[in-house]
Amino acid sequence: MFWHNFKYTLKIILRDYALVFWTLAFPLIMATLFNLAFSNIENGERLKVIDVAVIDDGEWQANKPFQEAFRELSREDSPDRLFDTRYVSREEANQLLADEDIAGFLQLKSGHPELTVAESGINATILKSAIEEIATQSQVIREIAQKDPTKLAQLGTLPTVEIEDQSSEHLSYTMIEYYTLIAMTCLYGGMIGMAAINQLLANMSTSGRRIAVSPSPKWKLIISGLLASYLVQLVGLALLFVYTITILHVDYGPHFGLVATLSLLGSLAGLAIGVAVASLVRSNANAKVGIIIAVTMFGCFLAGMMGITMKYIVDTNLPILNRLNPANLITDGLYALYYYPTFDRFWGDVSVLTGITIVLIGFSIWSLRKEQYDNL
Amino acid sequence: MTIYKAFLRVLSRNAWILIMYSAILIFFSIFSVQANDVNLNFEATRPDLYLTNNDEGSELSHSLVKYLTAHNNIIELPDENDALNDALFYRRVNYIITIPDGFGADFLAGREPTLIVQSTGDYNAAFAEMMLQRYLNTAQSYRLIDKSETELVRDVERTLAMEVPTELATKRDVSGLEQAAFYYNFLNYPLIVGCIFMICTVMLSFREGKVARRIAVSGTRPEQVNRVLLLANSLFAFLLWLVYVGISFLVIGRVMWSMQGLWFILNSFVFAFCVTTLALLLANIVHNRNALNGLTNVIGLGSSFLCGAFVPLVWLPETVRLIAHVFPSYWYIDANEKIKALETCTWDHVVPILFNMAIVLAFALVFVLVTNLLSRHARRRAA
């Protein structure tokens, strides 16, 4: 009876194309879209060489400090290159600015720099700051020359302040998108668990009614049905991992064993949600699917799927909400593995998720056990 | 009238979909881009910075903090490692600086003190580091001639207060236009999902089982039913577009009353028309409610991700941008970007926008032609 029900539950699940689409294919489609859209986003936020112009007139030719500084800042072989500088007339500069080919242009007037920029923004701010830096240094050199010219020679040999960068190497926030996707896949698995339970419930289907009056032990049917659902869930999860790792080259870090463990637990949590909704909610199948989709998507939204800022806002302002949100517990556990050198946070997430899963399964067992019908 | 009533009944039964996607649109357009007040003067970008000064007694460290505070947004955070690490990862701060105890004294004594920093590595962090370097370089130079800490701090602050006069070439309301472009780009998603899902659901309802049979035996001719449905669907799409334009006035405000605002509206109208024709085409192809749900999401999310509705077009990889050309969404969003940069409404400036709109209309024409071909084929088969 156990394997019989296992086999037929598998068949029922795999023949429900909508279910297969949402639980197996949709996460792959989303992963592809994330990869296409986000693969360049962090590069886009890095500082790039800025196109600028300088009005190449008599004043400019006469000002050696500015000429040298701009030559140095625009040197193609320099790793600290800031600008791609064009030396043009005022008319040309205006045209370049109007065509959005440059962020701004510099003109020296009576020895003082004047800047014209297309619009406020980071490029214009950096251009302004660099020009101010050049002007500042010129001023400092003038003052040293006035007060004590012998010190000028020491300018190039000053002791430096060491700036020690202790940032983590793992700062790619787009990883959160993939983590929420794993969370979504785990929790969408609830739909599969629900489908398996629904077919056993006498108030949901005719097969459920027949099973209710049959002498087969219910626990065997429930366990075999859930096992089949969990298997399909894991296939979906495995597909997502294989696809993201081999095709999209997503790096889940050095602790893949723990990533997989959390995903297995997450799938179990998804299954528990599905079973709980199926057994505790008295409504039709569509409404139950709606509840699972709503819970999953809202959970993923709070966990940062539609923008990582949301996860941070909830984590810092209403932490209890995310501590009870299975989608966030999965995402946060994976984030902790990726970003933190210690495992405290990861195991904390695992414990809460385990607790939620046990409570949901407990409620479901309690609900399924007392199921009795006088008639249907 | 009966058909209209049935149409409205189907619509109201599925209205929650429209409400949900509209809520997403409003939420993101309010929280993703915050428009500042109109400012025709240059405004410097201010990185988000978290600062810990463990060298309270030093004048120099105090002055460094003062300088950084004047040019950055100082973010208050709990002084705990996890809170700081999270803030950095989620980009609440771009740069974290810790000034160690004794920093000022070491600096003045000519030793090589260490500053501890953490950085997101983006342009804001790079700029914050430039400012830090600028202060330190200036202080190092003045250390050669200034005898006391007070003198040095005074000279550094005086020199760093020097500002380059900066003229802003644009007279556009840049941040307002940024927000408007974000809203109208994002609109791609709710408009596509709303139109396709609703129009296909309505058409399916009229084609399915008993309803289709009742229509077949009624006195109303099938052509008339189709005409009424076409009109009702178009009216629905028009009203949906109108509601979204109305919301844009509420959410974005002043910029929508400008010349660029009008262009945004016109562009979105052309796109809404194109989406309606696409929805009518799909209504001819899709005969299954379950498939409709998946298809709507794939088209809505796919075009939004690939064409720059969620992530700005300039940040998409070159190949993705190339692929995106085959979607009308790309031409619509690209036109929005051109409208955002529209300085004056001269012929030369508006031609590229009109060109994009013409391409969107061409897509619509293709959708209409294919729909007609399909329905003719279906009629022949039925006959």
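**Exercise 1. In which order do the five strands of the open sheet run, and which are the edge strands?**

Step 1. Work on the predicted model. Read the strand order across the open sheet: 5(A)-4(B)-3(B)-1(B)-2(B).
Step 2. Check the pairing. It is mixed.
Step 3. Find the strands that pair on one side only. They are strand 5 (162-165) of chain A and strand 2 (73-74) of chain B.

**Exercise 2. Parallel or antiparallel: in what sense do strand 5 of chain A and strand 4 of chain B pair?**

Step 1. Recall that strands of a sheet pair through backbone hydrogen bonds, in either sense.
Step 2. Take strand 5 of chain A and strand 4 (residues 114-119) of chain B. Four bridges join them, and the sense is parallel.
Step 3. Pick one bridge. Glu164(A) has Ile116(B) as its partner in strand 4 of chain B.
Step 4. Add the helix that packs on the sheet. Helix 6 (residues 123-142) of chain B touches strand 1 (48-53), strand 3 (95-99) and strand 4 of chain B. Its direction makes about 30 degrees with that of strand 3 of chain B.

**Exercise 3. Test the span of helix 11 (residues 222-252) of chain B, then describe its surroundings.**

Step 1. Count 31 residues at 1.5 Å a residue, so the helix should span 45 Å.
Step 2. Compare the end C-alpha atoms. They are 44 Å apart, which agrees.
Step 3. List buried residues of helix 11 of chain B. Among them are Phe236(B), Trp241(B) and Tyr244(B).
Step 4. Look for their cover. It includes helix 1 (2-13), helix 8 (174-186), helix 9 (188-207) and helix 12 (259-285) of chain B.
Step 5. Go past the helix. Gly253(B) follows, with a positive phi near 80 degrees.

Definitions and conventions
Residues are numbered from 1 along each chain as its sequence is written. Chains are lettered from A and ligands numbered from 1 in the order in which they are written. This is a predicted model: local features need pLDDT of at least 70, side-chain atom pairs count only at pLDDT 80 or more; totals for chains, interfaces and linings use all residues. Helices (H or I, at least four residues) and strands (E, at least two) are DSSP runs, numbered from the N terminus. The expected span of a helix is 1.5 Å times one less than its number of residues. A residue is buried if 20 or more other C-beta atoms lie within 10 Å of its own, exposed if 12 or fewer, and partly exposed in between; C-beta atoms are placed from the backbone. Two residues are in contact if their C-beta atoms, placed from the backbone, lie within 7 Å. Two strands pair if DSSP finds at least two bridges between them. Axes are lines fitted to C-alpha atoms, for helices over the stretch in contact, and angles run from 0 to 180 degrees between N-to-C directions.
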